[in-house]
Amino acid sequence: MLGENEVPWDDKFRLYLITKLGNPKYSPEVAGRTMIINYTVTQLGLEDQLLSVVIGHEKPDLQKISEELVQTISKNNILLNQLEDSILTDLSSADSEILENRALIKSLQEAQKKSAKISKDLKESEATQAEILETTSQYRPSAKRGSILFFSLAKLSEISKMYEFSLSAYLSVFTKALQNSSPEVKVTARVANIVRTLTDDVYNYVCTGIFEKHKLMYAAQMTFMIMKGDGRLNNPAEVDFFLKGNISLEAINERVPAQWISPSGWKDLHQL
């Protein structure tokens, strides 16, 4: 029923609704009849995605092995679950005594051998994956900086709706930074070059699309986010004072020591 009218219904009918709201709220009636999928990019999720891009550029063979390992581990886990289900099915459907059912015993023995082999392969794959993760983690600082820079430019839409930057466009800038950064033999030096080139390229890329009056604001926002990501911005009160100054209503009893110091500047200096 659609209102007061009866309309034909197809079980294959699907309706997709998309919203740009970061935290949409729906009534219980709507939420109970729909499947809500959140595709919002998180900073940590984007960091992992960018790390794959970096490894694919720096160590393509290692990235290929890593992808194959993920598929192998997934397939082995599925096979292991299927074997367990098969064993339970055989046991539950056995008509006679288990010890007298030779076909069932043979089936269980074969399942046990397969399960042991799959478990062994899983342990070997997980050990290899751990070694790969240890190697790829050396490039994580570049992926972390890339994730921070994307969210710094994504916040520009709060200033103006014109400042919309897509993730696909940002990935192009990120890939070009990998290509343009100076090569080094040592991984730490190479990562430092990537971080430096990426930061410069992203800043220049953003500045070509925003107004002059907003460039300093973006530079400050980007700096604060980088410092916070590096653990160098642990006191929010300092940032708040830097942006707003002394906003307390209490009057300063001490006289201004010089005429060139404004009353608001004297309040700020007194708080410092």
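Leaving aside neighbours within four places in sequence, Tyr 218 is in contact with eight residues that can be listed in order: Leu 149, Ser 152, Leu 153, Leu 156, Val 202, Tyr 203, Val 206 and Ile 210. The model described in this report is predicted, and Tyr 218 offers a convenient entry to its interior.

## The nonpolar cores

Tyr 218 belongs to the largest nonpolar core, a set of 31 residues. Within this core, the residues that touch the most other members are Leu 153, Leu 156, Tyr 170, Val 202, Val 206 and Tyr 218. Several helices contribute to the core: helix H2 (43–58), helix H5 (140–154), helix H6 (167–180), helix H7 and helix H8 (212–229) each supply at least two of its residues. A second core, separate from this one, has six residues, among them Ile 73, Leu 83, Ile 118 and Leu 122. As a general background, nonpolar side chains tend to be buried together in soluble globular proteins.

## Helix H7 and its surroundings

Helix H7 comprises residues 187–207 and has the highest confidence in the protein chain, with a mean pLDDT of 95. Which residues does Ile 194 contact, leaving aside its neighbours within four places in sequence? They are Glu 58, Ser 142, Leu 178 and Ser 181. Ile 194 is found in helix H7, and it counts as buried because its relative accessible area is 0%, where the cut-off for buried is under 20%. The C-alpha atom of Ile 194 is separated by 8.9 Å from that of Pro 183, and the two residues are 11 places apart along the chain.

Thr 197 also lies in helix H7. With a relative accessibility of 18%, Thr 197 counts as buried. Its contacts, leaving aside neighbours within four places in sequence, are Ala 177, Asn 180 and Ser 181.

## Salt bridges

The structure holds seven salt bridges. In general terms, side chains of opposite charge can pair when their charged atoms come close. Three of the bridges are set out below.

| Salt bridge | Distance, N to O | Location |
|---|---|---|
| Glu 58 and Arg 190 | 2.6 Å | helix H2 and helix H7 |
| Asp 121 and Lys 117 | 3.3 Å | helix H4 |
| Lys 215 and Glu 212 | 3.0 Å | helix H8 |

What does the salt bridge between Glu 58 and Arg 190 tie together? Glu 58 lies in helix H2 and Arg 190 in helix H7, so the pair ties together parts that are 132 residues apart in sequence. Arg 190 counts as buried, at 6% relative accessibility.

The pair in helix H4 (residues 102–136) has another arrangement along the chain. Asp 121 and Lys 117 are four residues apart in this helix, which means that about one helical turn separates them. Asp 121 counts as partly exposed, at 24% relative accessibility, whereas Lys 117 counts as exposed, at 54%.

In helix H8, Lys 215 and Glu 212 are three residues apart, about one turn of the helix. Glu 212 counts as exposed, with a relative accessibility of 62%. Elsewhere, Glu 47, Asp 48 and Arg 140 are joined into one network by salt bridges that share partners.

## A buried residue of helix H4

Is Ile 132 buried or exposed? Ile 132, which is placed in helix H4, is buried, because its relative accessible area is 7%. Not counting residues up to four places away in sequence, Ile 132 touches Leu 62, Ile 65, Ser 66 and Leu 69. One of these, Ile 65, is 67 residues away from Ile 132 in sequence, while their C-alpha atoms are 8.7 Å apart in space.

## The segment before helix H1

Trp 9 is placed in the segment before helix H1 (28–33). Trp 9 counts as exposed because its relative accessibility is 64%, and the cut-off for exposed is over 50%. Together with Phe 13, Leu 15 and Leu 17, Trp 9 forms a nonpolar patch on the surface, and the four residues have about 570 Å² of accessible area together.

Ser 27 also has its place in the segment before helix H1. With a relative accessible area of 33%, Ser 27 is partly exposed. Ser 27 and Arg 196 are 169 residues apart in sequence, and 47 Å lies between their C-alpha atoms.

## Confidence in the model

The protein chain averages a pLDDT of 84, and 94% of the residues score at least 70. Confidence is lowest in helix H10 (residues 263–271), where the mean is 76.

Terms used:
Residues numbered from 1 in each chain as written. Predicted model: local features only at pLDDT ≥ 70, side-chain atom pairs only at ≥ 80, totals over all residues. Heavy atoms only, no water. Patch = residues over 30% accessible without salt bridge, like charges linked within 9 Å, V, L, I, M, F, W, Y side chains within 5 Å. Areas by Shrake-Rupley, 256 points an atom, 1.4 Å probe, with all protein chains shown as cover. Salt bridge = Lys/Arg side-chain N within 4 Å of Asp/Glu carboxyl O. Buried < 20%, exposed > 50% of the residue type's maximum accessible area, 1.4 Å probe, protein only. pLDDT = per-residue confidence, 0-100. Core = buried A, V, L, I, M, F, W, Y, C linked by side-chain atoms within 4.5 Å. Contact = heavy atoms within 4.5 Å.
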